[in-house]
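Here is a short tour for someone opening this structure for the first time. Have the sequence and the 3D view side by side, and follow along at your own pace.

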Amino acid sequence: MSGHSKWAGIKHKKAITDAKRGAVFTKMAREIAVAAKEGGGGDPSGNFRLRLAIQRARDVNMPADNIDRAIKRGTGEGGGVHYEELRYEGYGPGGVAIMVDALTDNRNRTASEIRNIFTRFGGSIAEPGAVGWIFKRRGSIVVDPAGKDAEEFALETIELGASDVQVDDGQLEVETEPEDLEKVRDGIEAQGGKIVSAEVTMSPSTTVPVEDEGEATKLLRLMEALEDSDDAQQVYANFDIDAAQLEKLSEAV
């Protein structure tokens with residue numbers, strides 16, 4: 001899973017520094033609005049989904065005014081919001097399983113776009129349920145120990161309630177139950193760790209090694225295109241690419 005966790009960190013850095021930050025903010029606003037509408041209202045203290053959405057928005061430096069406006073749209077104060085939640089499943093180069101969660105106001109447009117992206121980059125759309133069984137909802141946190149001994153920090157993180165912690169290239173890859181994500185994240189920060197990324201994600205139970213450079217490049221181009229889609233909120237996959245190779249290839253896609 002190290003390669004896939006590395007990809008999560010790369011995506012997070014891109015979201016902060018990318019020239020397409022406006023598009024990132026649009027996606028964050030959409031998620032916040034839907035969370036306020038569907039998750040139990042506009043008060044984050046009583047709405048777990050909204051709290052997570054707001055934290056993700058803050059992690060990419062989304063302005064507080066944008067967050068407030070998105071909440072109001074979700075609760076109907078700003079004209080309301082009418083998005084449909086959809087999931088697409090498919091395969092990428094190398095037989096990698098891919099799942100896309102989307103929010104859209106036009107089902108036909110989004111279905112056509114996602115299908116075209118898969119086809120254009122060497123993948124294929126599958127029937128609902130074809131790959132969904134591979135993924136399980138989990139909390140995922142990537143941590144920079146910020147000068148502390150990574151192995152010792154990993155043991156401390158387990159004591160905070162993490163389900164599993166792995167050390168890879170000096171970073172901690174932390175897995176939690178979804179409902180424990182906030183508690184573990186807060187504990188890590190209190191102990192001096194730096195959060196690289198933190199989200200509730202869909203974690204694969206099995207992974208597919210992708211060792212051929214050409215195939216890995218095509219796969220990452222497909223992932224990048226899906227993540228750039230206006231309607232795609234989250235993209236999950238079960239690839240395992242060597243972390244060093246992933247870092248190198250991600251700069252070229």
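## A lysine over a ring

Let's start with a spot you can zoom in on: K148 lies over the face of F153, 4.6 Å from the centre of the ring. Keep in mind as you look that this is a predicted model. You'll find K148 in the loop between β4 and α6. F153 also shows up among the contacts of K148, together with E156 and Q191, once neighbours within four places in sequence are left aside.

Is K148 buried, exposed or something in between? With a relative accessibility of 33%, K148 counts as partly exposed, because that class covers whatever falls between under 20% (buried) and over 50% (exposed). There's a link across the sequence here too: K148 and G192 are 44 residues apart along the chain, and their C-alpha atoms are separated by 8.3 Å.

## The overall picture

Now zoom out. The protein has 253 residues, and 47% of them are buried. Its secondary structure comes to 9 helices and 10 strands.

How much of the contact network links residues 24 or more positions apart? Among contacts with a separation of 6 or more, such pairs account for 70%. As for aromatic pairs, the structure holds 0.

## Helices side by side

Time for some helix packing. Two packed helices are described by the angle between their axes and the distance between the axes.

Take α5 (residues 107–120) and α8 (residues 213–228) to begin with: they pack at about 165 degrees, with axes 9 Å apart. That angle makes α5 roughly antiparallel to α8, since anything over 145 degrees falls in that class. The contact is made by I114, I117 and F118 on the α5 side, and by L222, A225 and L226 on the α8 side. The crossing of α5 and α8 is right-handed.

## Two oblique pairs

Helix α8 has another partner in α9 (residues 243–250): the axes of α8 and α9 come within 10 Å and cross at roughly 60 degrees. So α8 is oblique to α9. From α8, the contact draws on E213, A216, T217 and L220, while α9 brings Q245, L246, K248, L249 and S250. The crossing of α8 and α9 is right-handed.

Then there's α3 with α7 (residues 181–190), whose axes come within 11 Å and cross at roughly 40 degrees. How are α3 and α7 set relative to each other? They are oblique, because roughly 40 degrees is neither under 35 degrees, the limit for roughly parallel, nor within the 65 to 115 range for roughly perpendicular. Where they meet, α3 supplies F48, R51, L52, Q55 and D59, and α7 supplies L181, E182 and R185.

## Two residues in strands

F48 comes up again when you look at R137, a residue in strand β4 (residues 135–144). Not counting residues up to four places away in sequence, R137 touches F48, P178, V200, T201 and M202. Pick out T201 from that list: R137 and T201 are 64 residues apart in sequence and 5.7 Å apart in space, C-alpha to C-alpha. R137 is partly exposed, at 44% relative accessible area.

For a contrasting case, try Q234 in strand β9 (residues 232–237). Buried or exposed? Q234 counts as buried, with a relative accessibility of 11%, because the cut-off for buried is under 20%. Setting aside neighbours within four places in sequence, Q234 is in contact with R56, M99, V100, D101 and E199.

## Positive phi in the loops

Two last stops concern the backbone. N61 is not a glycine, yet its phi is positive, at about 65 degrees. N61 belongs to the loop between α3 (48–59) and α4 (64–75), and with 47% relative accessible area N61 is partly exposed.

A146 brings us back to the loop between β4 and α6 (150–159), where we met K148. What is the phi of A146? The value is near 55 degrees, positive in a residue other than glycine. A146 counts as partly exposed, at 47% relative accessibility.

Notes:
Residues numbered from 1 in each chain as written. Predicted model: local features only at pLDDT ≥ 70, side-chain atom pairs only at ≥ 80, totals over all residues. Heavy atoms only, no water. Helix = DSSP H or I, 4+ residues; strand = E, 2+ residues; numbered from the N terminus. Buried < 20%, exposed > 50% of the residue type's maximum accessible area, 1.4 Å probe, protein only. Contact = heavy atoms within 4.5 Å. Phe/Tyr/Trp six-rings, centres within 6.5 Å; stacked < 30°, edge-to-face > 60°. Lys NZ or Arg CZ within 6 Å of the ring centre and 35° of its normal. Axes fitted to C-alpha atoms, helices over the stretch in contact; angles between N-to-C directions. Left-handed = near helix turned anticlockwise from the far one by under 90°.
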